[in-house]
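Please look at the sequence and the model below before reading on. The paragraphs that follow take up one region after another.

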Amino acid sequence: VPHTATYYVMPDYLAIGSDADFVRFPMEPRTAQAIGDAFGCILPTRKMVNDIWSAAPYKLAPHPYSPTAYDIESVEVFSLSNTSIESQRTAAGAPLGGLIAGTKKDVVISAQLAVRPGKVVIYGWHQLNGRAIQPLYLGHDINYMDYSHGIRLVRQIMLVDGQPCHVQDVLKDPNLCQLLSDEGVI
């Protein structure tokens, strides 16, 4: 039986500051989830990241910084990255609050965390042609973060066939999980 799903995502990555003065700031997944918990949100799955990219009216190009030329874990590079994203966003005519995609590797949840706990899972950084630069990756310790990581939260309450339910319940349901996951049950 086919199902429909509607879920609600942040239009951009978490940032620190105000609308007039902010920086998109990476963080480790435990911190991100603590913020998510405070606002009734969770981290997305790989499938959700792909869906978000497809739905975004404003697709911006990734802007990599070489780890041999830059300290990619520094606040200075966080700021450089943010400046690059803002330049693209304004050039594209994307308003603050408009759904943008392609600018960061998303910190995601994955079924693989069950067998590889203590890792940060990243995925995405879609190019303008829709191909993700970063495949699903669990190579970093849970404390690692760099300028390319972004936190985009998903509201915990979604609609399945027009009825409200919890994202977590959909992810653990073998019949519904494919609405949100390309890895099966999470």
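In this predicted model, a convenient place to begin is the pairing of strands S7 and S10, which run parallel and are joined by two bridges. Within this pair, lysine 105 stands opposite histidine 149 of S10. As background, the strands of a sheet pair through backbone hydrogen bonds, and they may do so in either a parallel or an antiparallel way.

The pair belongs to an open sheet of four strands, whose order is S9-S8-S7-S10 and whose pairing is mixed. Strand S9, residues 132–141, and strand S10, residues 149–150, stand at the edges with a single partner strand each, so one side of each is left without a neighbour in the sheet. Helix H2, which covers residues 46–55, packs on this sheet and touches S7, S8 and S9, while the direction of H2 makes about 25° with that of S8.

Helix H1, residues 29–38, also leads back to strands that have already been named. Which residues of H1 are buried? They are Pro29, Ala32 and Gly36, and because they cover an arc of only 60° around the axis, they lie on the same side of H1. A general property of helices is useful here: an α-helix has 3.6 residues a turn, so residues three or four places apart point the same way. The buried residues of H1 pack against strand S4 (41–42), strand S7 (105–107) and strand S8 (119–126), whereas the face of H1 turned away from its buried side carries the exposed residues Asp37 and Ala38. Just after H1, the chain reaches glycine 40, which takes a positive phi of about 70°.

The last stop is serine 181, found in the segment that comes after helix H4 (167–172). Is serine 181 buried or exposed? Its relative accessible area is 4%, and because buried means under 20%, serine 181 counts as buried. Leaving aside residues up to four places away in sequence, serine 181 touches Thr45, Lys47, Leu171 and Ile186. The C-alpha atom of serine 181 is separated by 9.3 Å from that of valine 170, a residue eleven places apart from it along the chain.

The side chain of serine 181 also has backbone atoms as polar partners. The backbone nitrogen of glutamate 183 lies 3.0 Å from a polar atom of this serine 181 side chain, and the backbone oxygen of glycine 184 lies 2.7 Å from a polar atom of the serine 181 side chain.

Terms used. Residues are numbered from 1 along each chain as its sequence is written. This is a predicted model: local features need pLDDT of at least 70, side-chain atom pairs count only at pLDDT 80 or more; totals for chains, interfaces and linings use all residues. Side-chain values use heavy atoms; hydrogens and water are left out. Buried means under 20% relative accessible area, exposed over 50%, partly exposed in between (1.4 Å probe, protein chains only). Contact means heavy atoms within 4.5 Å. A polar contact is a pair of N or O atoms within 3.5 Å; within protein, one must be able to donate a hydrogen and the other to accept it, and residues adjacent in sequence count only if both atoms are side-chain atoms. The arc is that of the directions from the helix axis to the C-beta atoms. Two strands pair if DSSP finds at least two bridges between them. Axes are lines fitted to C-alpha atoms, for helices over the stretch in contact, and angles run from 0 to 180 degrees between N-to-C directions.
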